[in-house]
Amino acid sequence: MSPRWAPSKEAGGKDGGRPPVRRRLLARHPLARFLLRRTATAVLLAVGVTLVTFVLTNLVPGDPAAANLGQRAIGDPAIVAQWRHANGLDKPLPVQYVTYLGNLLQGDLGESQQSHQSVLTDLSTAVPATLELAGAAIVVSLVVGVAFGVVAALRRDRFTDQLLRVVSLLGVSVPTFWLALLAFYIFFYRLGWAPGSGRLDPGMTAPPHVTGLYTVDAALAGQWPVFWNAVGHLALPALVLTAYTVGLLTRFTRSAVLEVLNQDYVRAARAKGLPGRTVLFQYVLRAALVPVVTVAGLAFGALLSGTVLVESIFAWPGLGAYAYRSATTLDLPAVMGVGLVVGLVYLTVNLAVDVLYGVIDPRVRVQ
């Protein structure tokens with residue numbers, strides 16, 4: 001008869017009922033289990049994004065052949081049939097989707113019918129331009145919006161609070177395209193404080209390509225005149241984009257901070273005599289950041305995918321301008337490429353937000 005402490009093989013095999021090593025490691029590291037679960041969900045959603053993008057693109061009314069061929073060519077059935085065969089549009093939609101997935105796995109997004117080069121090549125130029133613009137806007141928005149929201153909450157119902165609430169209301173109410181036109185007219189045309197459109201002055205050479213972000217690439221190459229010129233071109237459109245996001249973050253931060261300030265543990269911390277700065281940063285802000293992170297993540301995704309009008313006004317060669325040209329010419333490979341990038345951006349942002357949830361609030365990791 002075996003001792004009582006001896007493991008029973010019937011209970012769990014040769015490890016005596018102990019779970020596998022991988023399961024034990026995940027049990028000891030809830031954050032790793034949390035990240036693995038969220039990453040697996042993101043991969044499944046990415047496959048769904050490809051399906052939705054493909055279906056919606058093919059449901060767009062209009063004939064791609066008519067949009068890309070001339071008036072004479074469209075009247076010749078042989079030329080139209082040859083064009084459809086060359087672009088794979090003569091096959092059933094399920095076959096086209098399987099082909100599309102196979103090409104995606106090889107990094108092939110197809111050939112743009114307007115630029116006659118790889119869609120991936122076009123996106124490698126357009127996406128960094130939009131990323132630079134949206135990144136600058138979201139950084140400024142986070143710093144200003146969170147600061148305004150905290151000040152408004154701490155000065156509740158005072159003049160500062162009322163003023164910041166009016167500013168945030170104007171920020172979320174003013175149409176972005178109208179603000180872009182007004183800013184361009186005043187600061188460029190009338191006052192001459194801002195440089196012209198585009199990412200650099202005419203005649204100035206772009207820095208060596210490393211990341212595609214002109215400010216970063218110029219700094220890495222030590223080309224400081226190019227760096228400051230790129231910053232000057234970036235400032236006005238980025239500030240225009242921050243107006244709505246600052247207003248949104250101010251309102252959400254104020255509400256979140258006010259809710260946390262009324263919690264019992266915050267009152268207990270104050271009753272213990274802790275300094276106000278310690279209570280604010282270690283107790284209030286950490287708990288209030290969870291809803292703010294959600295709003296900031298959604299705002300960043302919206303900035304990356306919704307800068308069409310601002311990029312058109314400032315002639316910014318980004319994803320929005322590329323999407324507009326592709327849609328007007330029914331360039332299906334380019335439209336699907338843009339849709340895929342936008343979908344993956346939202347998935348990446350949501351995954352980053354989930355990770356920040358787990359870092360800020362450990363209780364989320366066990367859910």
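## A buried pair

Aspartate 161 and arginine 254 are both buried. Their side chains meet in a salt bridge, with N to O at 2.9 Å. This pair links distant parts of the chain: aspartate 161 sits in helix H9 and arginine 254 in helix H12 (residues 224-261), 93 residues apart. Keep in mind that this is a predicted model.

## The network around Asp161

Asp161 has another partner too. Its side chain also meets that of arginine 165 in a salt bridge, this time at 4.0 Å, N to O. Here the sequence spacing is 4 residues, about one turn of the helix, with both residues in helix H9 (residues 159-173).

How exposed are the two ends? Aspartate 161 is buried, at a relative accessible area of 0%, while arginine 165 is partly exposed at 36%. Going back to the H9–H12 pair, aspartate 161 with arginine 254, salt bridges that share partners join Asp161, Arg165 and Arg254 into one network.

## Arg199 and Glu132

Searching the whole structure turns up 3 salt bridges. One of them pairs arginine 199 with glutamate 132, and the closest N and O atoms are 2.7 Å apart. Arginine 199 is in the loop between helix H10 (176-190) and helix H11 (214-221), whereas glutamate 132 belongs to helix H8 (residues 119-154), so the contact ties together parts that are 67 residues apart in sequence.

Are these partners buried or exposed? Arginine 199 is buried, with a relative accessible area of 7%, and glutamate 132 is buried with a value of 7% as well.

Notes. Residues are numbered from 1 along each chain as its sequence is written. This is a predicted model: local features need pLDDT of at least 70, side-chain atom pairs count only at pLDDT 80 or more; totals for chains, interfaces and linings use all residues. Side-chain values use heavy atoms; hydrogens and water are left out. Helices (H or I, at least four residues) and strands (E, at least two) are DSSP runs, numbered from the N terminus. Buried means under 20% relative accessible area, exposed over 50%, partly exposed in between (1.4 Å probe, protein chains only).
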